[in-house]
Every structure is written in C-alpha cells, then in structure tokens.
Amino acid sequence: MDKIAVVILNWNGVKLLEQFLPSVIQFSEGATIYVADNDSTDNSVEFVQQNFPTVKIVKNTGNYGFAKGYNDALKHIDAEIYALVNSDIEVTENWLKPILETFDSEKQTAIIQPKILDFKNKEYFEYAGGAGGFIDKYGFPFCRGRIFDTIEKDNGQYNDNCELFWASGACFFIRKEVYDELGGFDESFFAHQEEIDLCWRAANEGHIIKYNSKSVVYHVGGATLQQGNPRKTFLNFRNSLLMLVKNLPTKGLFFVIFFRMVLDGIAGIRFLTQGKFSHTFAILKAHLSFYCLSLKYLKKRKDFQIQQYYTVKSIVYLYYIKKLLVFKEIFNSNQNIKN
C-alpha cells in the first residue's frame, strides 16, 4: 500500500492536464499519481500515456461526475491517504509534507484541506474553498476567505491550522479507511456539495476535519462547469436539500428544510429580477427533483447526528441584511466558530 495517492479526476480535460499535471509531478515526491478518467472522448488518456509515463491511468466506463467518478476509480487504488485533486489545480513545493505530518501526528483527523488561492489572481482566496468551510443552520456553505461573492485577499489572516466543518473537493485529503467506512461520496449528487455531505457524515461518526495553511495550492475554478451555468445552480440547490435530509438532527428537521426552501424561493425571485430566468427554472427543477428523492434520502439517515453542526444561524441574514461581508466580522459577532 502506498502512503499517499494523488488522484486527478478528468473528463475531456487534455488542455488542463497539459497545463497543471507537470506541477503535480514536480512537487509530489513520494506520492503515486493517478489520472482517473471519466470516459473522455478527447485524447486525454493518450496524452498522459505518451507524455507522463510515470502517471498511472484508471479508466471509468462512463462520465460519472465527481462523486461516482471518484468512487469507481478509488476501488482500484490502494493508499493510506487519498489526495483528490481537481485537474485545474497548480500545486506548490512541499505541498504534501504538512498534510502528511498532520495525519501522522493527529490520528483523529480524517480529512484535511490546504489553503486554496485563486490561480488567476494569486493574492486572493479562491471561491471553491478558500481557507476552509462552514455552514449555517439552513445548509448554506461559506468559507474563511469567501462569503457568497465577497472574496478576501490573503494577508496571512488564515495562516493557522484549525478545525472545519467541511473541506473543499477542489483539493481534498482523506484517509482511505475513513473513505471506505463512509462509503465514499453520495453518487446521486453527481457533482457539487458531495464533499460537504461526506464531511458531515464524517463528523457524525466523530472524525475531525482540518485546514492546514502550510500547504498551498492555486485553483482556476469553474473549468468544468462555469459559475453562471444553470446546471450548477440546479445541482447546488437540489444537493443541499438532499444533504439536509440525510444529516440534520431529528429535532427541527422539517422546519429547517421548509425554511430553506422558502429562502430558495426568494433566491429564485432575485434571479427573476436580474433577468436570469434559466436559474429560476433551475431552482424549480431542483425542488421537483428533491420531492422525488426525499423519501429515499430519509432512509439514508443514520441513528446519530451531531446537534451543533452550524456556526451561525443564517449567513444570508448576516451578509445581506447585517452587511457582514468577511469571515472575521462574522466571527466577531458569533463566538461559536472553532478557531
């Protein structure tokens, strides 16, 4: 068994592999590197085989998205630690060392995220993960370094190692034994929010999720599915509701979901006023899909759920009404956040 496997999920991303795979190879000494290919129709596999012969290929039989794509590929990879890395990630020198040191010294730590900065604007945090994630009572995710569309400059304010509620799937480290224990990602999600769901399930089992600022990567973001794509809106809204059904404490379960759906409706109206009709339709479609899947997801609930899963009651209220735009302001008004 390898100590660590760096696994890059790919679908028709030959240009991304050409640009970013060299840094992974250069700076991942001691790791075995894999490209897990989701049945690409471009020449991704041939390109890797011809230009990077030390990189191993795992071929999936279809385009299964992030969740099933990784689940299927990891069945063929044996390593103590999985590093699941987006194909649009540039890594830096010694990026693996602080992660492995944390895993070795902290046996309860199951999942780790590095500092994720913006590849296109390297002084700023990146939207998808920043310096680690939390959620509010109604399942809205936010990050240190990014609250909704407000992104902070990296001034060293998050140069620490702290506990998180969720780690970004853009660069996601997890112990194999924990991944197997949890059954991997929820494949019905296809993509988006599946890493938050996995982290929530890990927390319910008593595992710890952490952030390590000494490991730094740069993420392009939106290279597979752009931020303004209605498909992304659909997946985010639907998967968030499914995640709540699976993981919320029993007390207040239906109230929280009902109120979240009301907030979704307000978001839909806001899209209408902006002329983004396809996004309003995506939210309606997400709710319809949620109704169809809700009974199935109620059966996925485990016997135990942590009670204090959220760090603030409503990030929507704090951001849009109270005008608290950065994490430090929210932290100062809510001392529940672990730091």
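This is a guided tour of a predicted model, given as a series of selections to make in the viewer.

**Stop 1: strand 1 and its neighbours**

Select residues 2-10, which form strand 1. Is strand 1 mostly covered or mostly open? It is mostly covered, with seven of its nine residues buried.

Now add residues 32-37, which are strand 2. Strands 1 and 2 run parallel and are joined by six bridges. To see one of these pairings, pick V7 in strand 1 and look for its bridge partner in strand 2, Y34. Then follow the chain from strand 1 to strand 2: the path goes through helix 1, residues 14-27, and this β-α-β crossover is right-handed.

Next add residues 79-85, strand 4. Strand 4 also runs parallel to strand 1, and six bridges join the two. Two pairs are worth labelling here. A5 has Y82 as its bridge partner in strand 4, and I8 stands opposite V85.

**Stop 2: strand 4 and strand 13**

Keep strand 4 selected. Six of its seven residues are buried, so strand 4, like the strand at the previous stop, is mostly covered.

Add residues 171-175, which are strand 13. In which sense do strand 4 and strand 13 pair? They pair in the antiparallel sense, over five bridges. One pair to label is A83 with its bridge partner in strand 13, F173.

While the strands are on screen, show their side chains. In a regular strand the side chains alternate between the two faces of the sheet.

**Stop 3: helix 3**

Select residues 65-74, helix 3. Nine of the ten residues of helix 3 are buried, so this helix is largely enclosed by the rest of the structure. The buried residues are G65, F66, A67, G69, Y70, N71, D72, A73 and L74.

What covers them? The cover includes strand 1, strand 2 and strand 4 from the earlier stops, as well as strand 3 (56-59), helix 5 and helix 6.

K68 of helix 3 is partly exposed, with a relative accessible area of 25%. Buried means under 20%, so K68 falls outside that class.

**Stop 4: salt bridges**

The structure holds 16 salt bridges. Begin with K68, and select E187 as well: their side chains meet in a salt bridge, at 3.9 Å from N to O. E187 is in the loop between helix 5 (176-182) and helix 6 (194-204), while K68 is in helix 3, so the pair ties together parts that are 119 residues apart in sequence. E187 is partly exposed, with a relative accessible area of 36%.

Move to D72 and K75. The closest N and O atoms of this salt bridge are 3.7 Å apart. D72 counts as buried at 13% relative accessibility, whereas K75 is exposed at 65%.

Then select R144 and D160, whose side chains meet in a salt bridge at 2.7 Å, N to O. This pair links distant parts of the chain: R144 is in the loop between strand 9 (141-143) and strand 10 (146-147), and D160 is in the loop between strand 11 (150-151) and strand 12 (161-164), 16 residues apart. R144 is buried, with a relative accessible area of 1%.

Finally, select D186, D197, R201, K246 and K300 together. These residues are linked in a network of salt bridges.

**Stop 5: R260 in helix 8**

Select residues 253-273, helix 8, and find R260 within it. Is R260 buried or exposed? At 3% relative accessibility, R260 counts as buried.

Show the residues that R260 touches: Y138, G139, F140, F237, S240, L241 and L244, leaving aside residues up to four places away in sequence. With Y138, look at the backbone oxygen, which lies 2.9 Å from a polar atom of the R260 side chain.

**Stop 6: T280 in helix 9**

Select residues 277-298, helix 9, and find T280. T280 counts as buried, at 11% relative accessibility. Apart from residues up to four places away in sequence, T280 touches G268, F271 and L272.

**Stop 7: an annotated region**

Last, select residues 6-182. An unreviewed UniProt entry lists this range as "domain: Glycosyltransferase 2-like". Over these residues the chain is 27% helix and 33% strand. The C-alpha atoms at the two ends of the range are 20 Å apart.

Technical notes
Residues are numbered from 1 along each chain as its sequence is written. This is a predicted model: local features need pLDDT of at least 70, side-chain atom pairs count only at pLDDT 80 or more; totals for chains, interfaces and linings use all residues. Side-chain values use heavy atoms; hydrogens and water are left out. Buried means under 20% relative accessible area, exposed over 50%, partly exposed in between (1.4 Å probe, protein chains only). Helices (H or I, at least four residues) and strands (E, at least two) are DSSP runs, numbered from the N terminus. Two strands pair if DSSP finds at least two bridges between them. A crossover is right-handed if, with the strands pointing away from the viewer, the path from the first strand over the helix to the second runs clockwise. A salt bridge is a side-chain nitrogen of Lys or Arg within 4 Å of a carboxyl oxygen of Asp or Glu. A polar contact is a pair of N or O atoms within 3.5 Å; within protein, one must be able to donate a hydrogen and the other to accept it, and residues adjacent in sequence count only if both atoms are side-chain atoms. Contact means heavy atoms within 4.5 Å. UniProt positions are given in the numbering used here, feature names are shortened, and annotations may be inferred rather than shown by experiment.
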